[in-house]
Amino acid sequence: MNLTRLIRAALIAAGAELAGLALMATAAWLLLRAAEQPPLAALTVAIVAVRTLALLRGGLRYAERLTGHEVVLRYVSVLRTRVYRSLVPQRYSSGDLVDRLVSDVDAAQDAVLRCLLPAAVAGLVGVTAVAATSFASIGSALALLGGLLVAGVVLPLCAMRTPARRTDLANHTVELITGRRELIAYDAHAPALAAAHEVVEALARRDRTVSARNSFLSALGILTQLGTAVAVCLLAGASAPVTAAVTLGTITAFEVVLPLTAAAQRWVEVRESATRIRTLLAGRPAPRAAKPVTTGHFRLEKVSVQYPGRAPALVDVDLDLPPGKRVGLVGPSGSGKSTLLHTLLGLTDPTGWLTVDGHPLEDRDLPPLISGALADAHVFHTTVRENLLLARPNATEDDLRSACEVTDLDVDLDRDAGPDGDALSGGQRQRLILARAVLAAPPVLVLDEPVEGLDTAHGDAVLAAVLAQATGTVVLATHRPEHLAGFDEVLYLDEGRIVRREATKPATAA
Ligand SMILES: Nc1ncnc2c1ncn2[C@@H]1O[C@H](COP(=O)(O)OP(=O)(O)OP(=O)(O)O)[C@@H](O)[C@H]1O
């Protein structure tokens, strides 16, 4: 985030609030002074000041909206792209994906606009108001300071409670929408709806409690405002116009400080979202220029993977993948083919030794080195073109067209793909994922049963075209050994172990 722009936005916002405060105080002074019927000349400065401050407040409010939103929207657009990119290769449930992409990034926007900026402005306005009041009366200034501390610090601290996570609701909602046909077909929609309703009820109960507490805190804030205004008025010990000015100024200063209670509540949610975003981005660090040049020589020695509470999915797997080698993975369902691909992509938590170009796998920036078409790849709810550009943001129209030709993807690039590619046919969705892999053209291409959903002849042709244009290493998991004609090595897996290796190129199926 651009700190200079942020500070400028905070100063402009504080200026707008101070202009409003000065306007109220001057207007109050003017009204009471005018009631004493002094010569007009004694009021001229105040009259001009009221007009000037009114104009200034309007102008500054407009400038504050422009600068504040500019800095935040710039930041959020960059952040959303980074989160988007980090999510592409990862394995999140759809609900979690929605939560991370929408709520978490929106929370970053709120962190600035609804929490940090108001807090900074309230601080500046509070200090200025107390300092200005101290010229009229030290007692009033102390009363104002006390009231502002209660409303601006104590009440917001009381409002800080961990919010309920909405991921469960997002998961249920996404599952109800995406799985509606199956749920209806198997007459399972009633229990699924009931489960979602339970989550909604729990969230509603929690929201009601939070609302009641917040309403109580808001009422306390207003009582504090009222009590402080009375105390400031009684302690002022100055002329009626000055007393009116400090009292009205006090009430106005509270208007800036009172929203901090709601901001504190939002801050708790924002902090949680910020942690989730940080974890996500930390898991996929941005490529650093200083990294040594890599060729993508992957080596696995005695690598095992076990998902929590499950039998081992991979056991003591050895694999050498020098650049350009083509390896096929064959085995019955559940034998560990996808797990091996996910391990190469750094998506599992394996034991054993994994190196890329002699360095531990976790020290490498994997995304530029290895990617491909996974069985559970996500299609984003945007156009086909945008989905393709994720793989290579600077791809030209020719690049896109050629990737579509290779994968025989014959859809309009500006067509909306729908949520997780729902608006495409199963085959189009699969070819879109393949086209994305072709566009990425990584040194190591991993393909997990990439044409499983296509009819046999069409699928074979598409896969042959994809393999023909691939120039680097290829690791292909398939149930059909005939896909592996011309491969350097075929590994046969069973129950997570490599039970057989065929180093020779198998003959093409007749
Ligand atoms: N995310 C996961 N959490 C828990 N267990 C998993 C997970 N992914 C895979 N497994 C388990 O790990 C084992 C290996 O699964 P994997 O998906 O690697 O097999 P596969 O050979 O690719 O199967 P298929 O050919 O059906 O795709 C299976 O027992 C599977 O149930």
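**A ligand and two helix pairs**

In this predicted model, a polar side-chain atom of Ser-333 lies 2.6 Å from an oxygen atom of the ligand. Ser-338 has a side-chain N or O atom that is also 2.6 Å from a ligand oxygen, and for Glu-449 the corresponding distance to a ligand oxygen is 3.1 Å. Each is a polar contact, meaning a pair of N or O atoms within 3.5 Å. The protein covers 67% of the 630 Å² of accessible area that the ligand has on its own (Shrake-Rupley method, 1.4 Å probe).

Now look at the neighbours. There are 14 residues around the ligand, and Ser-333, Gly-334, Lys-337, Ser-338 and Thr-339 come nearest; a residue is near if one of its heavy atoms lies within 4 Å. The shell holds three nonpolar, seven polar and four charged residues, with Asp, Glu, Lys and Arg counted as charged and Gly among the polar ones.

Next, the helices. Two packed helices are described by the angle between their axes and the distance between the axes. Helix H4 (residues 138-159) and helix H8 (residues 240-257) have axes that come within 10 Å and cross at roughly 20 degrees. That makes H4 roughly parallel to H8, a word used for angles under 35 degrees. Their crossing is right-handed.

For helix H13 (residues 397-406) and helix H14 (residues 426-440), the axes come within 9 Å and cross at roughly 125 degrees. H13 is therefore oblique to H14, and this crossing is right-handed.

Residues are numbered from 1 along each chain. Local features need pLDDT of at least 70, side-chain atom pairs count only at pLDDT 80 or more, totals for chains, interfaces and linings use all residues, and side-chain values use heavy atoms, leaving out hydrogens and water.

Technical notes: A polar contact is a pair of N or O atoms within 3.5 Å; within protein, one must be able to donate a hydrogen and the other to accept it, and residues adjacent in sequence count only if both atoms are side-chain atoms. Axes are lines fitted to C-alpha atoms, for helices over the stretch in contact, and angles run from 0 to 180 degrees between N-to-C directions. Helices (H or I, at least four residues) and strands (E, at least two) are DSSP runs, numbered from the N terminus. Angles under 35 degrees count as roughly parallel, over 145 as roughly antiparallel, 65 to 115 as roughly perpendicular and the rest as oblique. A crossing is left-handed if the near helix is turned anticlockwise from the far one by less than a right angle, and right-handed if clockwise.
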